[in-house]
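Student: Please take a close look at one part for me: the surroundings of the ligand. I would like to know what lines the site and how that part connects to the rest of the fold.

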Amino acid sequence: MRKDLGALPAVFPMPVLMVGTYGEDGKVNVMNVAWGGIAGMDKVVLYLAKDRKTLKNIRAKKAFTVALADEAHIKEADFLGTASGNTMPDKFAKTGLHAVKSSKVDAPIIEEFPLTMECELAEDAEMFGEIRIVGTIVNVNVDEKVLDENGKVDASKLNAVMFDQFRFGYYKVGEKFAQAWNVGKDLMK
Ligand SMILES: Cc1cc2nc3c(=O)[nH]c(=O)nc-3n(C[C@H](O)[C@H](O)[C@H](O)COP(=O)(O)O)c2cc1C
């Protein structure tokens, strides 16, 4: 038996992206974004509500960073999606996390998150009442502990988390169980 649930953004998993920016005053802000992802090979897309402090900061600095939230910092990641820099100027300081300036763009890298994309603003457009921000990834900065012996990111070492918009859960990433562009190749015969 199947059932219709109506119109829902029914994709699972959604990412837990930590978007880092500087305000005009130089203050670090970080925001939790699940409505976002990758476009093409070098672009990040974020869908932001118009009132986000993060949006003001991106417009001021034309840059932002996107880190992948990890299990160890889920409490901080959730808080960064609850509090706003508009009303809580010391929002980032409250987390106890540490930021350093990116050497590539005018935005902060949060040291505790193992992988960060450093982005330049490429597009700022209104779409269905929200703002679509596209960033060009100019560099990916990682903690060496998440690299394999060939210098590639080992996804299993990221301890990245996923968001479930059906019941607002955070999920751990499971184990790798198959190789892409490979496990289905027998069906090509
Ligand atoms: C799991 C989760 C995902 C979220 N995803 C988005 C999103 O994709 N876009 C958005 O505008 N707000 C999203 N939010 C809400 C913002 O993170 C929240 O409003 C935050 O306070 C904005 O911070 P800022 O005003 O300091 O930029 C999300 C919150 C949570 C907890």
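Tutor: In this predicted model, the ligand is surrounded by 22 residues. The closest are Trp35, Thr54, Gly81, Ser84 and Gly85. Three elements each give two or more residues to this shell: strand 3, strand 5 and helix 1. Strand 3 gives the most, with four residues. Now the chemistry. Nine residues of the shell are nonpolar, nine are polar and four are charged.

Next, the fold behind the site. Seven strands form an open sheet. Their order is 3-2-6-9-10-5-4, and the pairing is antiparallel. Strand 3 (28-33) is an edge strand, and so is strand 4 (36-39). Each of these two pairs on one side only. From one strand to the next, the twist averages 35°.

Helix 1 covers residues 53-61 and packs on the sheet. Its contacts include strand 3 and strand 5, the two strands that join helix 1 in giving two or more residues to the ligand shell. Helix 1 also touches strand 2 (17-22), strand 6 (63-68), strand 9 (115-127) and strand 10. The direction of helix 1 makes about 50° with that of strand 2.

Last, strand 5. Strand 5 spans residues 43-48 and pairs with strand 10, residues 130-142. The sense is antiparallel, over six bridges. Lysine 43 has threonine 136 of strand 10 as its bridge partner. To return to the ligand: strand 5 is one of the elements that give two or more residues to its shell, while strand 3, with four, gives the most.

Terms used: Residues are numbered from 1 along each chain as its sequence is written. This is a predicted model: local features need pLDDT of at least 70, side-chain atom pairs count only at pLDDT 80 or more; totals for chains, interfaces and linings use all residues. Two strands pair if DSSP finds at least two bridges between them. Axes are lines fitted to C-alpha atoms, for helices over the stretch in contact, and angles run from 0 to 180 degrees between N-to-C directions. Two residues are in contact if their C-beta atoms, placed from the backbone, lie within 7 Å. A residue is near a molecule or strand if its C-beta atom, placed from the backbone, lies within 6 Å of it. Ala, Val, Leu, Ile, Met, Phe, Trp, Tyr, Cys and Pro count as nonpolar, Asp, Glu, Lys and Arg as charged, and the others, Gly among them, as polar.
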